[in-house]
Amino acid sequence: MYEMAQKVALDIPDGAYVNLGIGIPEFVADYIPQGREVIYHTENGLLGMGKVAEPQTQDPELVNAGKKYVTAIPGAAYFHHADSFAMIRGGHIDICVLGAYQVSEEGDLANWSTGNPDDIPAVGGAMDLVAGVKTIYVITKHCTKTGSPKIVKQCTYPLTGKNVVNRIYTDLAIIDVIGKKLYVRELAPGVSFEFVQQNTEAKLNR
Amino acid sequence: MINKVVSTAKDAVSGIYDGATIMIGGFGEAGSPVELIHALIDQGSKNLTIVSNNAGSGHVGLAALIENRQVKKIICSFPRTAISVVFPELYNKGEIELELVPQGTLAERIRAGGAGIPAFYTPTSVHTPLAEGKEQRDFNGQSAVLEYAIQADFSLVKCLKADRYGNLTYNKTARNFGPIMCMAAKTTIVQAKQIVEPGAIDPEHVVTPGIFVNRIVEINNPADESKLVAEKIRYHGIKS
């Protein structure tokens, strides 16, 4: 998973305003190449989020969207929720990196609900992010734990957004979504196009 | 003379009535007005509709209010947290109603409520289950759903500093929903860590102007919700 975070980091340009989803996407920040200045937004009201806080400096009133204790960089800004989501929904954030349950060949994303009626539904900011952020990158294992493809013709889980994903980073490949088609941009070391296609329900293009 | 300061949390929540809609600030524990919520538990109003981003942790604060069966419905974006036990249990038993709202839509509905805007269109949630049954319209080739403003009878908000006019500043990411919730309620009730003289907050640094605030109580040593949860504290209320 860290390799995927590293690959995403290479694609984040100097000067970008970036929102990282909870979980593996958070590790992207650790791999930004030296010399690039990237500003992290967390939707609970901080632009200029720094590293996770050390135990002795943890402040329960300085947290990220995953409610982890974090730090703020010199030059950071705090703001209220409507302003924070104006940054997201108003198209001011350049890149958002999210996890996924499923991505469809047209770039539909399902990442908030498995549709299981026993689960407590919770959505957070995911639908706002995919609707408003300019570029959406997804980090995901290529297949589920049971080996089912996660890149599918049509999502069977409830959607977070339609035609929203721009690029998918998996343990097998990096795949672009262009004009409602999937194009393999890069293969993981030792992995063939055919092998990736075998593990993908949707049609892949070279 | 204008003086919005009251002396106790009990005085601050007086007059909250059964069936009221109450906005409660906070993103998890950051900004959660724990002392005001506990005073509301002591006070005992029932059948409340709560608007809050989360649904509480452990058995204190908002979770304790729910556990005390005072909440009929919650409007929120993320009712699960790692240590959220009360809401899931009641929800699975069908004993509390949930209106799930994307977080940005929740914030904007509250902001609109405070700004006198009855409804607005947003592309957020289009083509998802959360848009079902909502009016849709296309703008410049993009679909958007109609979302209605939320107004409340009361808001409970935590801030860092307040003066007697109700001018407020906040602490870091504890600001979150506070400023917009102050705008969207008929009666806004604030707990401040410190009450200062008018003028002590630089007018350039006022985050919530006093016009949006009705009552202020100083709680100079507010509890950290996470510590209460870690100590397995259960708040049952003080019967008066």
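Two strands count as a pair if DSSP finds at least two bridges between them. With that in mind, welcome to a set of close-ups of this predicted model.

**View 1. Strands β2 and β3 of chain A meet in a hairpin.** Here β2(A) and strand β3 (residues 46-52) of chain A run antiparallel and are joined by 2 bridges. Look across from His41(A) and you will find Leu47(A) in β3(A) standing opposite. The hairpin leaves 3 residues between its strands, and Gly45(A) has a positive phi near 110°.

**View 2. Strand β1 of chain A has a parallel partner in β2(A) and another in β5(A).** Strand β1 covers residues 17-20 of chain A. Toward strand β2 (residues 39-42) of chain A, β1(A) makes 3 bridges in the parallel sense, and Val18(A) has Tyr40(A) as its bridge partner there. Toward strand β5 (residues 95-98) of chain A, the pairing is also parallel and also spans 3 bridges. On that side, Leu20(A) is matched with Val97(A).

**View 3. The sheet of chain A is built from 10 strands.** This is an open sheet with mixed pairing, and its strands follow the order β4-β3-β2-β1-β5-β8-β10-β11-β12-β13 (chain A). At the edges sit β4 (70-78) and β13 (204-205) of chain A, each pairing on one side only. A helpful thing to know while following any strand is that, in a regular one, side chains alternate between the two faces of the sheet.

**View 4. Helix α1 of chain A lies across four strands, β5, β8, β10 and β11 of chain A.** The helix is made of residues 2-10. Beneath your eye as you trace its path are β5(A), β8 (135-139), β10 (167-169) and β11 (173-178) of chain A. Relative to β8(A), the helix runs at about 160°.

**View 5. Strand β12 of chain A pairs with β11(A) and with β13(A).** The pairing of β11(A) with strand β12 (residues 181-187) of chain A is antiparallel and extends over 6 bridges. One of the matched pairs is Val177(A) with Leu182(A). These strands form a hairpin with 2 residues between them, and Gly179(A) in the turn shows a positive phi of about 55°. Leu182(A) also has a bridge partner in β13(A), namely Leu204(A). There, 2 bridges link β12(A) and β13(A), which run parallel. To get from β12(A) to β13(A), the chain passes through helix α4 (residues 193-198) of chain A, making a right-handed β-α-β crossover.

**View 6. Chain A and chain B touch each other.** The contacts bring together 31 residues of chain A and 40 residues of chain B. On the side of chain A that touches chain B, the elements giving two or more residues are α2 (81-89) and α3 (126-132) of chain A. The most comes from α2(A), with 5 residues. Sorted by class, this side of chain A has 16 nonpolar, 8 polar and 7 charged residues.

**View 7. Helix α2 of chain B is mostly covered.** How many residues of helix α2 (residues 34-43) of chain B are buried? The count is 8 of its 10 residues, among them Val34(B), Glu35(B) and His38(B). Their cover includes α1 (9-12), β1 (21-24), α3 (61-67), β8 (152-162), β10 (185-195) and α7 (225-230) of chain B. Just after α2(B) comes Gly44(B), with a positive phi of about 90°.

Notes:
Residues numbered from 1 in each chain as written. Chains lettered and ligands numbered in written order. Predicted model: local features only at pLDDT ≥ 70, side-chain atom pairs only at ≥ 80, totals over all residues. Contact = placed C-beta atoms within 7 Å. Axes fitted to C-alpha atoms, helices over the stretch in contact; angles between N-to-C directions. Buried ≥ 20, exposed ≤ 12 C-beta atoms within 10 Å, placed from the backbone. Right-handed = clockwise from strand over helix to strand, strands pointing away. Nonpolar A, V, L, I, M, F, W, Y, C, P; charged D, E, K, R; others polar.
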